[in-house]
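Visitor: Please show me the model, and then let us go through it one question at a time.

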Amino acid sequence: MHTTLLLSTLESHAPHDAEERAHCNVTIAFLERHPQAWWQRSTLGGHVTSSAWVLNFLRTHALLLHHAKLNRWLQPGGHLDDTDTSPSAGAMREAREETGLDSLLLASENIFDVDVHAIPARGSEPAHLHYDLRYLIISTGNALALSDESLAARWIALDELVRT
């Protein structure tokens, strides 16, 4: 994956608020410390992940999944694979795998949102951070086929998401 291109993308990203600006800065610093392995799960302390904010074609609803392990409603996403050419490609792959939607379009190569969150220790995996890069993806279909990672899916009106 191209570290220089990702750094440039993050540096040109316009965060929505001060919290996202802080997450963006922390992610840039992480990439600079780990320029060869920022996406690998073996990188101690954390790694970059990708998520997809999947909107319906009219851009009125977002798709959320009830994550089985975390018991929370989340956007599709997860770890990057070595075969992913970029974080946006990883977000597209994760969205397809987790939703079964095959008619997805990447709205932009630009990052939609940056979030850094802690992942608790689980089994032999120590606690670590996910430097999550989120991309806007448009669905032109509705036929969902959930993976075993999710218990349910819901299309939620964007104005409802803003209120919560």
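Visitor: How many salt bridges does the structure hold?
Guide: This is a predicted model, in which local features need pLDDT of at least 70 and side-chain atom pairs count only at pLDDT 80 or more, while totals for chains, interfaces and linings use all residues. Residues are numbered from 1 along each chain as its sequence is written, and side-chain values use heavy atoms, with hydrogens and water left out. A salt bridge is a side-chain nitrogen of Lys or Arg within 4 Å of a carboxyl oxygen of Asp or Glu. The number of salt bridges in the structure is nine.

Visitor: Which residues are linked in a network of salt bridges?
Guide: Side chains of opposite charge can pair when their charged atoms come close. R93 and D84 meet in this way at 2.9 Å, N to O, and E94 and R93 at 3.2 Å, N to O. The network links D81, D84, R93, E94 and E97.

Visitor: Is R93 buried or exposed?
Guide: R93 is found in helix α3, residues 87–99; helices (H or I, at least four residues) and strands (E, at least two) are DSSP runs, numbered from the N terminus. Buried means under 20% relative accessible area, exposed over 50%, and partly exposed in between, with a 1.4 Å probe and protein chains only. D84 is buried along with R93, and E94 is buried too. At 15% relative accessibility, R93 counts as buried.

Visitor: Which residues does R93 touch, not counting residues up to four places away in sequence?
Guide: Contact here means heavy atoms within 4.5 Å. One of the residues touched is D84, whose side chain also joins that of R93 in a polar contact of 2.9 Å (a pair of N or O atoms within 3.5 Å; within protein, one must be able to donate a hydrogen and the other to accept it, and residues adjacent in sequence count only if both atoms are side-chain atoms). With that exclusion, R93 touches H79, L80, D81 and D84.

Visitor: What is the N to O value for the salt bridge of E160 and R154?
Guide: E160 is partly exposed, with a relative accessible area of 31%. R154 is also partly exposed, with 38%. Their side chains meet in a salt bridge, and its N to O value is 3.5 Å.

Visitor: Why is strand β1 largely enclosed by the rest of the structure?
Guide: On one side of β1, G46, V48, S50, A52, V54 and N56 are buried. On the other side, H47, T49, S51, W53 and L55 are buried, so both faces are covered. Strand β1 (residues 46–56) is largely enclosed because its buried residues number 11 of the 11.

Visitor: Which residue in β7 is the bridge partner of W53?
Guide: Two strands pair if DSSP finds at least two bridges between them. β1 is joined to strand β7 (residues 128–139) by 11 bridges, and the two run parallel. With strand β4 (residues 77–79), β1 pairs in the antiparallel sense over three bridges, one of them matching S51 with G77. In β7, the partner of W53 is L136.

Visitor: What arc do the buried residues of α2 cover around the axis?
Guide: The buried residues of helix α2 are E20, H23, C24, T27, I28, F30 and L31. They lie on the same side of α2, because their arc, taken from the directions from the helix axis to the C-beta atoms, is limited. On the other side, A18, E19 and R33 are exposed. The arc is only 160°.

Visitor: How far does α2 reach from its first C-alpha to its last?
Guide: Helix α2 (residues 18–33) has 16 residues. The expected span is 1.5 Å times one less than the number of residues, which here gives 22 Å. The reach of α2 is close to that, at 23 Å.

Visitor: Which strand holds D113?
Guide: D113 counts as buried, at 16% relative accessibility. Among the residues that D113 touches are E20 and D132. The strand that holds D113 is β6.
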